[in-house]
Amino acid sequence: MQDNMNRCRRWWLRGTLLGVLSAALGLFTACNAESEFSSDPCYLLYHNAYYLDQTLAESMNPNARGIFCHISESQEGGYIYLNFRNTNGQSSRQRETALETKTRFVLGLNNGIIVGFQSLNETPNGGFVAYDEQCPNCVRKHNSAYSPKYRLTTDGSGIATCSVCGKRYNMNNRGIILNPEENDVNLKQYIATTTGPQGDLFVHNQ
């Protein structure tokens with residue numbers, strides 16, 4: 001009888017310990033995943049069902065992976081516009097509604113983000129990502145996010161390049177840097193979701 005009770009205690013302790021370790025491992029993994037997203041200000045909620053913008057739509061199509069779209073704001077004639085330019089050679093702009101203007105979108109560090117479906121990775125959110133348009137290593141090195149010199153240029157293969165430092169990043173694979181030096185970092189990511197080409201786009205910080 002005593003042996004059975006001791007055996008039960010041992011199994012209970014072992015189960016409790018495994019539960020605690022599993023919970024700790026899950027928390028550690030979650031924290032690591034969350035740390036991949038930037039806490040810098042970023043906010044965009046766009047209803048493409050209303051605008052039907054084809055330039056943006058191409059980058060929100062999970063069946064056309066590898067097409068990325070630059071998004072920025074500009075002002076003309078007292079109105080604010082959202083500008084779209086994708087790596088498939090298309091460009092367009094849409095005038096913001098009064099409500100959108102009042103909302104005040106925040107497009108990353110310096111008025112520029114890049115969105116699209118990765119062709120080499122399906123995490124997170126089915127592979128849909130949003131990157132900051134600024135070169136993260138130039139921003140760190142010069143301690144300034146507000147220079148237009150640090151904007152990334154992109155090509156049809158999904159490679160983003162900084163004209164200042166020459167760093168190259170693979171947007172099709174979580175923005176990893178392709179020619180790193182010591183302490184270099186990958187592209188800055190924001191949390192991004194889409195409901196499809198003619199649906200909603202939501203980008204925000206951690």
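In what order do the 8 strands of the open sheet lie, and in which sense do they pair? In this predicted model, the order is β1-β12-β11-β6-β5-β2-β3-β4, and the pairing is antiparallel. At the edges of this sheet stand β1 (43-47) and β4 (91-95), each of which pairs on one side only. Averaged over the sheet and with direction ignored, neighbouring strands are turned by 25 degrees against each other.

**The protein as a whole**

The protein holds 5 helices and 12 strands, and 39% of its 206 residues count as buried. When contacts between residues at least 6 apart in sequence are considered, 57% of them join residues at least 24 apart. The accessible surface of the protein comes to about 11400 Å², and carbon and sulfur atoms account for 54% of that area.

**The second sheet**

Another open sheet is formed by 4 strands in the order β7-β8-β9-β10, again with antiparallel pairing. Its edge strands are β7 (152-154) and β10 (176-177), and each of these pairs on one side only. Strand β7 is joined by 3 bridges to strand β8 (residues 159-162), the two running antiparallel, and within this part of the model Thr153 stands opposite Thr161 in β8.

**Aromatic rings**

A search of the whole structure finds 5 aromatic pairs, two of which are set out in the table with their geometry.

| Pair | Arrangement | Centre to centre | Angle between planes |
|---|---|---|---|
| Tyr50 and Tyr51 | edge-to-face | 4.8 Å | 90 degrees |
| Phe117 and Phe128 | tilted | 4.9 Å | 55 degrees |

Phe117 lies in strand β5 (residues 113-117) and Phe128 in strand β6 (residues 128-132), so their pair ties together parts that are 11 residues apart in sequence. Phe117 is buried, as is Phe128. The strands that carry these two rings are also paired with each other, since β5 and β6 pair in the antiparallel sense over 5 bridges, and Gly116 stands opposite Val129 in β6.

The two members of the other tabulated pair are placed otherwise with respect to the surface: Tyr50, at 61% relative accessibility, counts as exposed because the cut-off for that class is over 50%, whereas Tyr51, with a relative accessible area of 13%, is buried because that value is under 20%. Ring pairs link Tyr46, Tyr50, Tyr51 and Phe84 into a cluster.

Two further tyrosine rings have an arginine placed over them. The charged end of Arg93 sits over the ring of Tyr81, 3.8 Å from its centre, while Arg95 lies over the face of Tyr79, at 3.9 Å from the ring centre.

**The surroundings of Val139**

Where is Val139 placed, and is this residue buried or exposed? Val139 belongs to helix α5 (residues 136-142) and is buried, with a relative accessible area of 15%. With neighbours within four places in sequence left aside, Val139 is in contact with Leu109, Gln134, Ser144, Ala145 and Tyr150. Of these partners, Tyr150 is 11 residues away from Val139 along the chain, and the C-alpha atoms of Val139 and Tyr150 are separated by 7.3 Å.

Conventions
Residues numbered from 1 in each chain as written. Predicted model: local features only at pLDDT ≥ 70, side-chain atom pairs only at ≥ 80, totals over all residues. Heavy atoms only, no water. Phe/Tyr/Trp six-rings, centres within 6.5 Å; stacked < 30°, edge-to-face > 60°. Buried < 20%, exposed > 50% of the residue type's maximum accessible area, 1.4 Å probe, protein only. Lys NZ or Arg CZ within 6 Å of the ring centre and 35° of its normal. Pairing = 2+ DSSP bridges. Axes fitted to C-alpha atoms, helices over the stretch in contact; angles between N-to-C directions. Contact = heavy atoms within 4.5 Å. Areas by Shrake-Rupley, 256 points an atom, 1.4 Å probe, with all protein chains shown as cover.
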